[in-house]
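Ready for some practice in reading a protein model? Work through the exercises below, and try each task before you look at its solution.

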Amino acid sequence: NIAGITWENYIIDITSLDDEIKRVTSDIYNTNVKVTLRNDPYGSSSYLIQRGDTYPWLGAECTIYEAYREGDTFSGLSCINKYIIDEVNEIDTSKFTLNLCSKVTNIDDKWIEPVVNLTDYPYAYEDAGKIVPFLYGSQIMIPTVKTDWGANTKLVSAINASQTTGITLSESARFPNSGTVQIDDEKISYTGITSYVLTGVTRGVSGTTAVAHSATTTIWEVKSYYYSLVSKYPCTVDNVYAQIGNGIYRITSGVGSVTSGGRQYVRSTGIITVDSTNLSLTDGIGVSDTIGFSSTGASKNPYPVGGGGGWTNTSNAYDGCDATYAYGSGSTVLNVYFSGTSYGTITEQYFWIKYAAASGLNWKSGSNGSYSALPATGGDTVTYTVRKYSGYTNWDEGVDFSSDLGGTPRVYEVWKEIIYNPTLTKSGSASKTGTVALTGNIPIQSIDNFLVMATSLTSNNPGQVIYHFLNTQLGISDSEIDIDSFTTAQSFYVANGYSLDTYVSESITPSKFLSELCEECRSTIQYIKGKWTLTVLPSSAPTSIATIDSTMVSGEYGRFVFGSSPKKDIKNSITASYKKAYVKMETESDWIKTVSTSDATSISKYGTYSENIEFNHIRNDTCATNLITFKLLQQKYPLLMLQFDVFWEYVNLLVGDTITITNGLYNNMQFYVEKIDRTQQGIKISAIQWY
């Protein structure tokens, strides 16, 4: 069916009718279906191809149906899928071929990246060309985009305090024909601009004082309000901060959040007020670390302050250099100490240990508990993370190592991350030198940018996020979305604490963006039989859709063909970075948190195969830990790969289905269908073993 017309009688052949999705990554692959049609007469046209002169073939929707034939009777008509005509080739008087692409590819082809341009944002000179950002999630600190901060240029030559003529601008096109400009702290009104020169000038207006100004000094347009874009969609703005140099300051007056044209903005007056009390440095840490102290928790990464024991070069385990190490043997003990300075009440501690141990290494956290063995690394260097809860509430909680398991282990570095409720009244001096806080009124020209703590109006439930992107951003109607599958998935996300909290300010490809969202909530998104379907991947194999035995297998030998996933696919030591730092100072990381996991049995059997992952769309600790545990489950061992041809009359499978194989070699084993290719003879299945 193409554009509402059925073309069955014109069909010569349909090839490459396949569908594919990768379980581990949720990557969606484009199909390349070819439909060959007879170029017979149609209506008043001598050839069918000529119909495209009035109703273009390119871009038309094509639906392919499948029917079962029993003798001369067809039954069981069902939609295989919907496609878009991408190319028309091989045209002659007898036939022509339509190349079809998937709906997934079509959304990429039709995607128009929203860009800050001077048509929609006439005064966005500073940030023109940036992507219009959008937000999903709650309480995320993000930068704004300057869409109207007024014109600015340079003073061509110096002027004295009484001069009212010859005030020349380097560039004047952006300035209004009359208004007020500001040079340093002085405001100057004017009634016109002629050849870059201000005319009708009055110096020292609005209570300012006329003074001399040097050449190349910046001249600013004075406006009633200055606008900065927060998000493409309305959201709530809980707090607004000013970024000035390498400092962040809470703003108490002079800014507000407004919605205009369906977008969210921060609107500022020319003067804002910052309250240094909110960002005081009385706890002895840097300015940027004070952000979020009004929340229930924060994190800090203490580094060891000393050590002791019988190991050679003890200090190398806490010198901040990954290339040096402490090493020892026998039953001697290495102690690593942390500062006892308290910044609040500890709720959790993560100990990070970078080490190498051929046969083993004993450790314990200070005075708590007894020694336990760290996994042997076979001589490889690994980073091991241990999470500590109740009982580990001391800031000086240290680490002891003993090598009495044998061998000569090496400890490269030890540090820890502390989750705590900050104490804001602690006394002490600031660790940051220079001017660390501003008070009073600050002109907007002194601000590098506004930062906001924002929350989207859309729920951060992954199902709601994915639905909003499909429906609102891509324009896909509910009739093409399997709402039931989304409802089922959302229940899983709620029960397991999953959320997607992300800020998008860079160019995206919709299909890749959807794959990333799904991978970070252990799900897949498929376009199945004309509907977008969301499916959560379980931790164990679900009930099989069908059982396949040798009598159902077609082909020359009628057999199952097995193989194993390649060695490169084994990942038994996984570290993920998450909670992206959308606002960061020069010395800060792109990521706020990391989490690691490994499988000692797999490492012992195959060696260490590590993987470093970046989760771009989650900020949830529970979600991050769950995800890497799930990834480890899928990748810690090689898995069987299966291919076979099956007679179409025996089975009607979809990508993502689970099947059971009846076979003398691997009997009653369950497989996940990753790819289906329909051929003239039947259906070719590619599947991977359930973990």
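**Exercise 1.** In what order do the 3 strands of the open sheet stand?

*Solution.* Keep in mind that this is a predicted model. Step one: the order of the strands is 38-37-39, and their pairing is mixed. Step two: look at the edges, where strand 38 (591-598) and strand 39 (610-614) each have a single partner strand, so one side of each is left without a neighbour in the sheet. Step three: on average, neighbouring strands here are turned by 15 degrees against each other, direction ignored.

**Exercise 2.** Find how many bridges join strand 37 to strand 39, and say how these strands run.

*Solution.* Begin with strand 37 (residues 573-580), which is joined to strand 39 by 5 bridges. The two strands run parallel. Then pick out a facing pair: Asn 612 in strand 39 stands opposite Thr 575.

**Exercise 3.** Work out which strands helix 6 lies across.

*Solution.* Helix 6 lies across strand 37, strand 38 and strand 39. Next, add the angle: the helix runs at about 35 degrees to strand 38.

**Exercise 4.** Which helix gives the most to the largest nonpolar core?

*Solution.* Start with the core itself, which has 42 residues. Ile 466 and Trp 532 are among those with the most contacts inside it. Helix 6 (residues 621-635) gives the most to this core, with 5 residues. Now zoom in on Ile 466: leaving aside residues up to four places away in sequence, its contacts include Phe 486, Leu 514 and Ile 525. Finally, look for a second, separate core of 26 residues, which includes Met 552 and Ile 676.

Note on methods: Residues numbered from 1 in each chain as written. Predicted model: local features only at pLDDT ≥ 70, side-chain atom pairs only at ≥ 80, totals over all residues. Heavy atoms only, no water. Core = buried A, V, L, I, M, F, W, Y, C linked by side-chain atoms within 4.5 Å. Buried < 20%, exposed > 50% of the residue type's maximum accessible area, 1.4 Å probe, protein only. Helix = DSSP H or I, 4+ residues; strand = E, 2+ residues; numbered from the N terminus. Contact = heavy atoms within 4.5 Å. Pairing = 2+ DSSP bridges. Axes fitted to C-alpha atoms, helices over the stretch in contact; angles between N-to-C directions.
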